[in-house]
Amino acid sequence: MKTWLVPAVAATLLLGACTSPSGEITPGVLVADPWVRATEGTERPDMTALFVNLTNPTSADIRITAADCGDVASMYEVHEMIEQDGGMVMQKAEDGIVIPKEGHLHMAPGGPHVMLMGLNRDLPAGGEEISCTLTFDNAQEIDVLAPVKEFTEEQDTYHSHAPADG
């Protein structure tokens with residue numbers, strides 16, 4: 001099932017439901033306040049992140065498992081933060097990230113996020129919006145329109161990655 005959302009306010013209007021292909025109303029994830037970090041002036045302009053608030057009004061956990069922002073970047077991954085060697089590093093969340101039943105997941109700098117890697121162009125702050133599709137393990141897909149915003153409080157460890165296995 002696919003739900004179209006135009007910036008944040010639409011999520012509150014959906015009241016936790018979306019329409020399945022059969023026309024039935026089924027509960028699903030709500031999305032609010034999506035945004036993408038601008039790349040101007042960053043140490044790594046070849047990558048950025050999508051941040052978004054997710055609400056799960058259902059009685060079962062739902063996982064965000066993937067995202068796709070079209071031709072903006074060559075690769076997209078859902079990332080989680082883990083503690084390693086006394087610091088926080090990010091790594092791909094192989095099984096996605098849980099949005100707890102009747103709960104929220106705040107995807108924000110320093111926490112879980114969607115990583116956009118291998119950017120095909122600079123993303124300056126202001127004026128541009130990136131279209132992304134978020135995929136969940138309940139077969140729900142939600143299209144979001146995320147404005148590109150400057151983020152000046154970037155943490156030193158924001159781009160620290162856990163070493164790959166192997």
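Which residue stands opposite Ile-142 in S13? In this predicted model, the residue facing Ile-142 is Leu-134. That pairing belongs to a longer run of contacts: strand S12, covering residues 129-136, lies antiparallel to S13, and seven bridges hold the two in register as a pair. S12 and S13 make up a hairpin, with four residues between the strands. One residue in the turn, Ala-139, has a positive phi of about 75°.

S13 also has a partner in S4. Here the strands run parallel, with two bridges between S4 (residues 30-37) and S13 (residues 141-149). Val-36 finds its bridge partner in Val-148 of S13. So much for S13; S4 leads on to the next strand.

S4 pairs with S5 as well, this time antiparallel and through five bridges. Val-31 sits opposite Leu-54 of S5 in this arrangement. S5 itself spans residues 47-56, and it is a mostly covered strand, with eight of its ten residues buried. Two further strands pair with S5. Strand S11 (residues 113-119) runs antiparallel to S5 and is joined to it by four bridges, with Thr-48 standing opposite Leu-116. Strand S10 (residues 103-107) is also antiparallel to S5, over five bridges. Along that pairing, Asn-56 faces Gly-103, and Leu-54 faces Leu-105.

S10 shows two quite distinct sides. Gly-103, Leu-105 and Met-107 make up its covered face, while His-104 and His-106 lie on the uncovered one. This fits a familiar pattern: in a regular strand, side chains alternate between the two faces of the sheet.

Back in S5, Thr-48 deserves a look of its own. Is Thr-48 buried or exposed? Its relative accessible area is 0%, so Thr-48 counts as buried. The Thr-48 side chain has a polar partner there, reaching the backbone oxygen of Arg-37 at 2.5 Å.

Several of the residues met so far turn up again in the nonpolar interior. The largest nonpolar core has 32 residues, and those touching the most other members are Leu-54, Ile-64, Leu-116, Leu-134 and Phe-136. Phe-136 gives an idea of the surroundings: leaving aside residues up to four places away in sequence, it touches Val-29, Leu-54, Ile-62, Arg-63, Ile-64, Thr-65, Ile-99 and Ile-142. A separate core of eight residues lies apart from the largest one, and its members include Ala-49, Phe-51, Met-81 and Met-117. As a general matter, nonpolar side chains tend to be buried together in soluble globular proteins.

How many disulfides does a search of the whole structure find? The search turns up one. It joins Cys-69 to Cys-132, with the sulfur atoms 2.0 Å apart. The link connects distant parts of the chain, since Cys-69 is in the loop between strand S6 (62-68) and strand S7 (73-84), Cys-132 is in strand S12, and 63 residues separate them. The Cys-69 to Cys-132 link is right-handed, with 105° about the S-S bond. Both cysteines, Cys-69 and Cys-132, are buried.

The aromatic rings come last. The count of aromatic pairs comes to two. One is formed by Trp-35 and Phe-51, a tilted pair with 4.7 Å from centre to centre and 40° between the planes. This pair bridges distant parts of the chain, with Trp-35 in strand S4 and Phe-51 in strand S5, 16 residues apart. Trp-35 has 15% relative accessibility and therefore counts as buried, and Phe-51, at a relative accessible area of 0%, is buried too.

Why is the pair of Trp-35 and Phe-151 called tilted? The ring centres of Trp-35 and Phe-151 are 5.9 Å apart and the planes meet at 50°, so the pair falls into the tilted class. Trp-35 lies in strand S4 and Phe-151 in the segment after S13, so this pair ties together parts of the chain 116 residues apart in sequence. Phe-151 counts as partly exposed, because its relative accessibility is 24%. Taken together, the ring pairs link Trp-35, Phe-51 and Phe-151 into a cluster.

Note on methods: Residues are numbered from 1 along each chain as its sequence is written. This is a predicted model: local features need pLDDT of at least 70, side-chain atom pairs count only at pLDDT 80 or more; totals for chains, interfaces and linings use all residues. Side-chain values use heavy atoms; hydrogens and water are left out. Two strands pair if DSSP finds at least two bridges between them. A disulfide is a pair of cysteine sulfur atoms within 2.5 Å. Buried means under 20% relative accessible area, exposed over 50%, partly exposed in between (1.4 Å probe, protein chains only). A polar contact is a pair of N or O atoms within 3.5 Å; within protein, one must be able to donate a hydrogen and the other to accept it, and residues adjacent in sequence count only if both atoms are side-chain atoms. A nonpolar core is a set of buried Ala, Val, Leu, Ile, Met, Phe, Trp, Tyr and Cys residues joined through side-chain atoms within 4.5 Å. Contact means heavy atoms within 4.5 Å. Rings of Phe, Tyr and Trp (its six-membered ring) pair if their centres lie within 6.5 Å; planes under 30 degrees apart count as stacked, over 60 as edge-to-face and the rest as tilted.
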